[in-house]
Amino acid sequence: MTEGAPPADGSEQSPEQRRLAQETKDERQVWYFLAYFLFGIHFVAFVMIYAVRHAK
């Protein structure tokens with residue numbers, strides 16, 4: 001193999017490709033966090049509504 005030539009199997013990624021992959025992963029994690037957060041807020045709200053409506 002020559003110096004500086006990429007491996008034949010294509011396993012080596014450029015820094016730009018690694019950055020883009022990490023950015024995509026981070027963005028996906030942000031969306032998951034937002035979804036769980038909004039679900040949690042609605043769940044708590046429904047529980048509080050139930051508690052207020054069924055209070056004696």
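**One helix, seen from its side chains**

Hi everyone, let me start with a single residue: Leu34 has a relative accessibility of 35%, so Leu34 counts as partly exposed. Please keep in mind that this is a predicted model. Leu34 sits in helix H1, and that helix spans residues 15-53.

How much secondary structure does the chain have? The chain comes to one helix and zero strands. And what share of the 56 residues is buried? The answer is 0%. Leu34 fits that picture: a residue has to fall under 20% relative accessible area to count as buried, and Leu34 is at 35%. For the chain, the accessible surface comes to about 5,700 Å², with 66% of that belonging to carbon and sulfur atoms.

Back to Leu34, then, and its company. Which residues join Leu34 in a nonpolar surface patch? They are Trp31, Phe33, Phe37, Leu38 and Ile41, and with Leu34 they make a patch of about 650 Å².

Two members of that patch, Phe33 and Phe37, bring me to the aromatic rings. The structure holds two aromatic pairs. In Phe33 and Phe37, the ring centres are 6.3 Å apart and the planes are at 15 degrees, so this pair is stacked. The cut-off behind that word is planes under 30 degrees apart. Where do these two sit relative to each other? Phe33 and Phe37 are four residues apart in helix H1, which means about one helical turn separates them. As for exposure, Phe33 is exposed at 60% relative accessibility, while Phe37 is partly exposed at 46%.

The other pair is Phe39 with Phe43, also stacked, at 6.4 Å centre to centre and 20 degrees between the planes. Phe39 and Phe43 both belong to helix H1, where they are four residues apart, about one turn of the helix. Are these two residues buried or exposed? Both Phe39 and Phe43 are exposed.

Now for the charged side chains. Side chains of opposite charge can pair when their charged atoms come close. How many salt bridges does a search of the whole structure find? It finds two.

One of them links Arg19 and Glu16, with a distance of 2.7 Å from N to O. These two residues are three residues apart in helix H1, so about one helical turn lies between them. Arg19 also forms a salt bridge with Glu23, where the closest N and O atoms are 2.6 Å apart. Arg19 and Glu23 are both in helix H1, four residues apart, again about one turn of the helix. Through these shared partners, the salt bridges join Glu16, Arg19 and Glu23 into one network.

And how exposed are the members of that network? Arg19 is partly exposed at 41% relative accessibility. Glu16 is partly exposed too, at 49%, and Glu23 has a relative accessible area of 42%, so Glu23 is partly exposed as well.

To pull it together while you turn the model around: look for Arg19 with its two salt-bridge partners, Glu16 and Glu23. Then move along to the nonpolar patch that includes Leu34, and find the two stacked ring pairs, Phe33 with Phe37 and Phe39 with Phe43. Thanks for listening, and I'm happy to take questions!

Notes:
Residues numbered from 1 in each chain as written. Predicted model: local features only at pLDDT ≥ 70, side-chain atom pairs only at ≥ 80, totals over all residues. Heavy atoms only, no water. Salt bridge = Lys/Arg side-chain N within 4 Å of Asp/Glu carboxyl O. Buried < 20%, exposed > 50% of the residue type's maximum accessible area, 1.4 Å probe, protein only. Areas by Shrake-Rupley, 256 points an atom, 1.4 Å probe, with all protein chains shown as cover. Patch = residues over 30% accessible without salt bridge, like charges linked within 9 Å, V, L, I, M, F, W, Y side chains within 5 Å. Phe/Tyr/Trp six-rings, centres within 6.5 Å; stacked < 30°, edge-to-face > 60°.
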